[in-house]
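Hi,

Here is the structure I promised to pass on. Have a look at it first, and then read my notes below with the picture open beside you.

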Amino acid sequence: MAVTIYDIARLAKVSKSTVSRVITNQTNISPDARERVLDAIRTLNYQPSKLARALTSKGFDAILVISTRSTKTTAGNPFFSEILQSIALRAEEEGFDVILQTSKNSEEDLQKCVAKITEKMVKGVIMLSSPADEYILEQLDNCQVPVMVIGNIEGTYQHVFSVDTDNFQDSYRLTEHLISLGHQDIACLHAPLDYHVSIDRLAGYKRAMQDAGLPVQPDLMIDGGYTTESAYLAATTLLQCARPPTAVFATDAVKVMSIYRAAHEQKKIIPDEISITGYSSDNISPLLSPGLTGIEIPIRELGCQGCGLLFDKIFDRPGTHSRTLVPTQLVVNHSAIPFAARK
């Protein structure tokens, strides 16, 4: 039978309310009574339930994870499953539970999130993506609990922070690499521009083209949607156009896999007939042949750092910056070759 605070009160010869005040670390208790309660807790090996702690003013030891995207748009994207795993592992180290929230739209996301904060079900929030419309961030900032965004933020907030990679600069580097190989007709297969990450990566591509004096061709900037199927259809259309590009920059792992698949099905040899650069992760890159020249997103590091910084805020630890950038590097493999070497 589970030990209760009544058992502790009986052994320590104090009232049940005194035991409750010791468990919740209140100060209006005599040193002698506190020590007797703590001795009884150790003797009986009492473990206060999370529900009991939640009923105090401190609330649950839990954090909320929201994607700000519908489940339909995250299905099949390796980023979300991998970063969730790293967050769960980091939260476990702190003794916290992770609540994963799904919603149909951003307004429902906001309502659910505010309700959980108000009811003290969570002590912090992690957002797995950063919407271009920062209304939800503005509203959550008013709730006065720390919110960590995996992605870029443009607004100035008191309680909202971010951890990200430099998406603009990384995309610039990937496009610049293709240009250095002599390619001029370079396509960009990108995600919808609803999130800062998509906007920043497309902007990096455009700037690299402009700085090289190359035209930014609207028909070579293709929105591949969120799903594997929509990305595959966009990649197929791109490779079948009247004047197909000699190189493609793909802005996420789903787009990379789709352009590889489309090239294979159309019997276009990578890199002899089409060069490719893009973003991937260490659980996708080993499956690609030839190996991708690209940026491997440090997904586990983003999750671990983001979660760690959130706990720094929850526990009021010093030194947390409002914006943190995780470094990346360009890995040169065999998916892109000089234009002059094409067959």
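Both faces of strand β1 are covered: Ala-62, Leu-64 and Ile-66 are buried on one side, and Ile-63 and Val-65 are buried on the other. Put as a count, five of the five residues in β1 (residues 62-66) are buried. One thing to keep in mind as you read on: this is a predicted model.

So what does β1 pair with? On one hand there is strand β2 (residues 97-101), which runs parallel to β1 and is joined to it by five bridges. On the other hand there is strand β3 (residues 124-127), also paired with β1 in the parallel sense, over four bridges. Ile-63 is a handy residue to click on here. Its bridge partner in β2 is Val-98, and in β3 Ile-63 stands opposite Gly-124. In case it helps, strands of a sheet pair through backbone hydrogen bonds, either parallel or antiparallel.

Now zoom out to the sheet that holds β1. It is an open sheet of six strands, in the order β2-β1-β3-β4-β5-β11, and the pairing is parallel. Which strands stand at the edges? They are β2 and β11 (323-325); each has a single partner strand, so one side of each is left without a neighbour in the sheet. From one strand to the next, the twist averages 20°. Over at the β11 end, strand β5 (residues 160-164) pairs with β11 in the parallel sense, over three bridges. If you want a residue to look for there, Val-163 stands opposite Thr-324 in β11. Helix α13 (residues 299-314) packs on this sheet, and it touches β1, β3, β4 (147-150), β5 and β11. The direction of α13 makes about 165° with that of β4.

There is another sheet to find. This one is also open and has six strands, in the order β7-β6-β8-β9-β10-β12, but here the pairing is mixed. At its edges stand β7 (221-223) and β12 (330-331), each with a single partner strand, so one side of each has no neighbour in the sheet. For an antiparallel pair, go to strand β10 (residues 293-296) and β12, which are joined by two bridges. Ile-295 has Leu-330 in β12 as its bridge partner.

Which helices pack on this sheet? One of them is helix α9 (residues 167-180), which touches β6 (186-190), β8 (247-250), β9 (275-280), β10 and β12. The direction of α9 makes about 165° with that of β9. Helix α10 (residues 196-211) packs on the sheet as well, touching β6, β7, β8 and β9, and its direction makes about 170° with that of β6.

Next, a pair of helices. Two packed helices are described by the angle between their axes and the distance between the axes. For helix α1 (residues 5-12) and helix α3 (residues 31-44), the angle is about 120° and the axes are 9 Å apart. Angles from 115 to 145 degrees count as oblique, and α1 and α3 are therefore oblique to each other. Their crossing is right-handed. Which residues meet there? From α1 come Asp-7, Ile-8, Leu-11 and Ala-12, and from α3 come Arg-36, Val-37, Ala-40, Ile-41, Thr-43 and Leu-44. Sorted by kind, the residues of this contact are seven nonpolar, one polar and two charged.

Last, a few backbone details that you can check in the loops:

- The peptide bond from Ile-270 to Pro-271 is cis, with omega near 5°. Pro-271 sits in the loop between α12 (253-265) and β9.
- Ser-289 and Pro-290 are joined by a cis peptide bond too, with omega about 0°. Pro-290 is in the loop between β9 and β10.
- Asn-45 is not a glycine, yet its phi is positive, about 55°. Asn-45 lies in the loop between α3 and α4 (50-54) and is exposed, with a relative accessible area of 57%.
- Lys-267 is not a glycine either and has a positive phi of about 60°. You will find Lys-267 in the loop between α12 and β9, where it is exposed, with a relative accessible area of 70%.

Happy exploring!

Definitions and conventions. Residues are numbered from 1 along each chain as its sequence is written. This is a predicted model: local features need pLDDT of at least 70, side-chain atom pairs count only at pLDDT 80 or more; totals for chains, interfaces and linings use all residues. Side-chain values use heavy atoms; hydrogens and water are left out. Two strands pair if DSSP finds at least two bridges between them. Contact means heavy atoms within 4.5 Å. Axes are lines fitted to C-alpha atoms, for helices over the stretch in contact, and angles run from 0 to 180 degrees between N-to-C directions. Angles under 35 degrees count as roughly parallel, over 145 as roughly antiparallel, 65 to 115 as roughly perpendicular and the rest as oblique. A crossing is left-handed if the near helix is turned anticlockwise from the far one by less than a right angle, and right-handed if clockwise. Ala, Val, Leu, Ile, Met, Phe, Trp, Tyr, Cys and Pro count as nonpolar, Asp, Glu, Lys and Arg as charged, and the others, Gly among them, as polar. Buried means under 20% relative accessible area, exposed over 50%, partly exposed in between (1.4 Å probe, protein chains only).
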